[in-house]
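Here is a friendly walk through one protein model, starting from a single residue and working outwards. Have a look at the sequence and the structure, then read on.

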Amino acid sequence: MRLFAVDGDSPDAFFAANLTVLALPRFAVGNIDEVEAEVSATFDVLDGAELLGLDRVEVAGREALLIRYDLELLGLTGTGRQYWVLGLTRAYTITFSDLPEGGNAQTFDEIIATFTPLP
């Protein structure tokens, strides 16, 4: 894990908006098509999760996969966005989790707009 950040100013006492960045060795992850197929298959069997969108986007000048989802956990429904960005030597997942009324979407957009993968 490269980064984990939590926003303690949540509208719910049992949930905090968060950002997680993982850096994986590039050889451990297939190409973007394989990642997309794996994510889609995971949501087919993940209880309490609803896949809202699976889109190809550009992040830091690279083709990336954006997964948008809702996830029910402990009686709360959170919303999430996860980006898969494949670099030359690393694959990155950047995950934003929030409550629907959390109000952090603009902050998340600003973070992903400035993300730069290491070589």
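## Starting at Arg 81

Let's begin with Arg 81, which you'll find in strand 5, the stretch covering residues 76-86. Keep in mind that this is a predicted model. Is Arg 81 buried or exposed? With a relative accessible area of 16%, Arg 81 falls under the 20% limit, so Arg 81 counts as buried.

What does Arg 81 touch, once residues up to four places away in sequence are set aside? The list includes Leu 66, Ile 67, Arg 68 and Tyr 69. Ile 94, Thr 95 and Phe 96 are also among the residues that Arg 81 touches, and so are Ala 105, Phe 108 and Asp 109.

## Arg 81 and its partner

Now for the partner of that side chain. The side chains of Arg 81 and Asp 109 are joined by a polar contact of 2.7 Å. The two residues also form a salt bridge, with their closest N and O atoms 2.7 Å apart. Asp 109 sits in helix 2 while Arg 81 sits in strand 5, so this pair ties together parts of the chain that are 28 residues apart in sequence.

The two ends of the bridge are covered to differing degrees: Asp 109 is partly exposed, at 39% relative accessible area, whereas Arg 81, at 16%, is buried. As background, side chains of opposite charge can pair when their charged atoms come close.

## The other salt bridges

How many salt bridges does the structure hold? There are five. One of them pairs Asp 33 with Arg 56, where the closest N and O atoms are 2.5 Å apart. That pair links distant parts of the chain, with Asp 33 in helix 1 (residues 32-45) and Arg 56 in strand 3 (residues 49-59), 23 residues apart. Arg 56 also forms a salt bridge with Glu 63, and there the closest N and O atoms are 3.1 Å apart.

Zoom out a little and you get a network: salt bridges link Asp 33, Glu 36, Arg 56 and Glu 63. Asp 33 is partly exposed, with a relative accessible area of 47%. Glu 63 counts as partly exposed too, at 45%, and Arg 56 is partly exposed at 36%.

## Two nonpolar cores

Next up is the nonpolar side of things. The largest nonpolar core has 14 residues, and Val 59, Tyr 83, Val 85, Ile 94, Phe 96, Ile 112 and Phe 115 are the ones with the most contacts inside it. Which elements supply at least two residues each to this core? They are strand 2 (17-25), strand 4 (62-73), strand 5, strand 6 (90-98) and helix 2 (105-114). There is also a second, separate core of 12 residues, with Ile 32, Val 39, Ala 49 and Tyr 69 among them.

Ile 94 makes a handy landmark. Leaving out residues up to four places away in sequence, Ile 94 touches Leu 19, Thr 20 and Val 21, along with Arg 81, Gln 82, Tyr 83 and Val 85. Ile 112 and Phe 115 are on the contact list of Ile 94 as well.

## Rings that pair up

The structure holds four aromatic pairs. In one of them, the ring centres of Phe 43 and Tyr 69 are 5.7 Å apart and the planes meet at 45°, so the pair is tilted. Phe 43 belongs to helix 1 and Tyr 69 to strand 4, so to speak of distant parts of the chain is fair: the two are 26 residues apart. Both Phe 43 and Tyr 69 are buried.

Phe 96 and Phe 108 form a stacked pair, 4.5 Å centre to centre with 25° between the planes. Phe 96 is in strand 6 and Phe 108 in helix 2, so the pair ties together parts 12 residues apart in sequence. Phe 96 is buried at 1% relative accessibility, and Phe 108 is buried at 8%. Ring pairs also bring Tyr 83 in, linking Tyr 83, Phe 96 and Phe 108 into a cluster.

## The whole protein

Finally, the overall picture. The protein has two helices and six strands, and from the N terminus on the elements run β-β-α-β-β-β-β-α. Of its 119 residues, 34% count as buried.

Among contacts between residues at least 6 apart in sequence, 44% join residues at least 24 apart. The protein exposes about 7,100 Å², and carbon and sulfur atoms supply 54% of that.

Technical notes
Residues are numbered from 1 along each chain as its sequence is written. This is a predicted model: local features need pLDDT of at least 70, side-chain atom pairs count only at pLDDT 80 or more; totals for chains, interfaces and linings use all residues. Side-chain values use heavy atoms; hydrogens and water are left out. Helices (H or I, at least four residues) and strands (E, at least two) are DSSP runs, numbered from the N terminus. Buried means under 20% relative accessible area, exposed over 50%, partly exposed in between (1.4 Å probe, protein chains only). A polar contact is a pair of N or O atoms within 3.5 Å; within protein, one must be able to donate a hydrogen and the other to accept it, and residues adjacent in sequence count only if both atoms are side-chain atoms. Contact means heavy atoms within 4.5 Å. A nonpolar core is a set of buried Ala, Val, Leu, Ile, Met, Phe, Trp, Tyr and Cys residues joined through side-chain atoms within 4.5 Å. A salt bridge is a side-chain nitrogen of Lys or Arg within 4 Å of a carboxyl oxygen of Asp or Glu. Rings of Phe, Tyr and Trp (its six-membered ring) pair if their centres lie within 6.5 Å; planes under 30 degrees apart count as stacked, over 60 as edge-to-face and the rest as tilted. Accessible areas come from the Shrake-Rupley method with a 1.4 Å probe; for residues, only the protein chains shown count as cover.
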